[in-house]
Amino acid sequence: IEQKNKFSVGETLEIMKPDGRNISALVRGIYTEEGESQESAPHPKQILYIDLGIKLDRYDILRRKEPVTEL
């Protein structure tokens, strides 16, 4: 993936599918292009490999799942 905003191992990402479905997935691992493990992805435009435990498809969009806060 090409990363835009910071995320970390242990966070939940939302996978937005082109057909309108949204799927939640836990970030199990983040790896550089060289295969080195990282705990977070802090650099915009960095190319990374991520382990979500599920297969992603072309055109899926990932975004951080923000916790719901009640008023």
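Hi everyone. Let me start in a loop: Tyr 59 sits between strands E7 and E8. Before I go on, please keep in mind that this is a predicted model. Tyr 59 has a phi near 80°, a positive value in a residue that is not glycine. Most residues other than glycine have a negative phi. As for its surroundings, Tyr 59 counts as exposed because its relative accessibility is 65%, and the cut-off for exposed is over 50%.

Let's stay in that loop for a moment. Arg 58 also has its place between E7 and E8. At 68% relative accessibility, Arg 58 counts as exposed too. If you follow the chain from Arg 58 to Pro 18, you cross 40 residues, and the C-alpha atoms of the two are separated by 9.2 Å.

Gly 53 belongs to the loop between E7 and E8 as well. Is Gly 53 exposed, buried or partly exposed? With a relative accessible area of 43%, Gly 53 is partly exposed, because that value falls between the 20% and 50% cut-offs. Its C-alpha lies 8.1 Å from that of Val 27, although the two are 26 residues apart in sequence.

Val 27 brings me nicely to the core. Which residues make up the largest nonpolar core? There are 10 in all: Phe 7, Leu 13, Ile 15, Ala 25, Val 27, Ile 30, Ala 41, Leu 48, Ile 50 and Leu 52.

I'd like to pick out two of them, beginning with Ile 15. This residue is in strand E2, which covers residues 12-16. Ile 15 counts as buried because its relative accessibility is 0%, and buried means under 20%. Setting aside neighbours within four places in sequence, Ile 15 is in contact with Arg 21, Asn 22, Ile 23, Ala 25, Leu 52, Ile 54, Leu 56, Asp 60, Ile 61 and Leu 62. For a long-range pair, take Ile 15 and Lys 65: 50 residues apart in sequence, and 9.3 Å apart in space from C-alpha to C-alpha.

The second is Leu 52. With the same neighbours within four places left out, its contacts include Leu 13, Ile 15, Ala 25 and Val 27, which also appear in the core list. Leu 52 also touches Leu 26, Arg 28 and Leu 62.

Leu 62 takes us to the next topic, the largest pocket. How big is the volume of the largest pocket? About 340 Å³. Of the 15 residues in its lining, those closest to the centre are Ile 1, Glu 2, Gln 3, Lys 4 and Leu 62. Which strand gives the most to the lining? That is strand E8, residues 61-64, with four residues. By character, the lining divides into seven nonpolar residues, six charged and two polar.

Gln 3 deserves a closer look. It lies in the segment before strand E1, which is residues 7-8. Buried or exposed, what do you think Gln 3 is? Gln 3 counts as buried, because its relative accessibility is 3% and the cut-off is under 20%. A polar atom of the Gln 3 side chain lies 2.8 Å from the backbone oxygen of Asn 5. Beyond four places in sequence, Gln 3 is in contact with Ala 41, Pro 42, His 43, Pro 44, Lys 45, Gln 46 and Leu 48.

One of those partners, Lys 45, is the other positive phi I wanted to show you, with a value near 70°. Lys 45 is found in the loop between strand E6 (40-41) and strand E7 (49-51). With a relative accessible area of 62%, Lys 45 is exposed.

Last stop: the loop between E4 and E5. Thr 32 has its place there. Thr 32 is buried, with a relative accessible area of 8%. Leaving out neighbours within four places, Thr 32 is in contact with Gln 38, Gln 46, Leu 48 and Tyr 49. Gly 35 lies in that loop too, between strand E4 (29-31) and strand E5 (37-38). Gly 35, however, is exposed, with a relative accessible area of 51%. Gly 35 and Glu 2 are 33 residues apart in sequence and 15 Å apart in space, C-alpha to C-alpha.

That's my tour. Thanks for listening, and I'm happy to take questions!

Conventions:
Residues are numbered from 1 along each chain as its sequence is written. Side-chain values use heavy atoms; hydrogens and water are left out. Helices (H or I, at least four residues) and strands (E, at least two) are DSSP runs, numbered from the N terminus. Buried means under 20% relative accessible area, exposed over 50%, partly exposed in between (1.4 Å probe, protein chains only). A nonpolar core is a set of buried Ala, Val, Leu, Ile, Met, Phe, Trp, Tyr and Cys residues joined through side-chain atoms within 4.5 Å. Contact means heavy atoms within 4.5 Å. On a 1 Å grid over the protein atoms alone, a cavity is a set of points where a 1.4 Å probe fits but cannot get out, and a pocket is an open set with protein on both sides within 12 Å along at least five of seven lines; lining residues have an atom within 4 Å of a point. Grid points are joined across faces, edges and corners, and a volume is the space filled by probe spheres set on the points. Ala, Val, Leu, Ile, Met, Phe, Trp, Tyr, Cys and Pro count as nonpolar, Asp, Glu, Lys and Arg as charged, and the others, Gly among them, as polar. A polar contact is a pair of N or O atoms within 3.5 Å; within protein, one must be able to donate a hydrogen and the other to accept it, and residues adjacent in sequence count only if both atoms are side-chain atoms.
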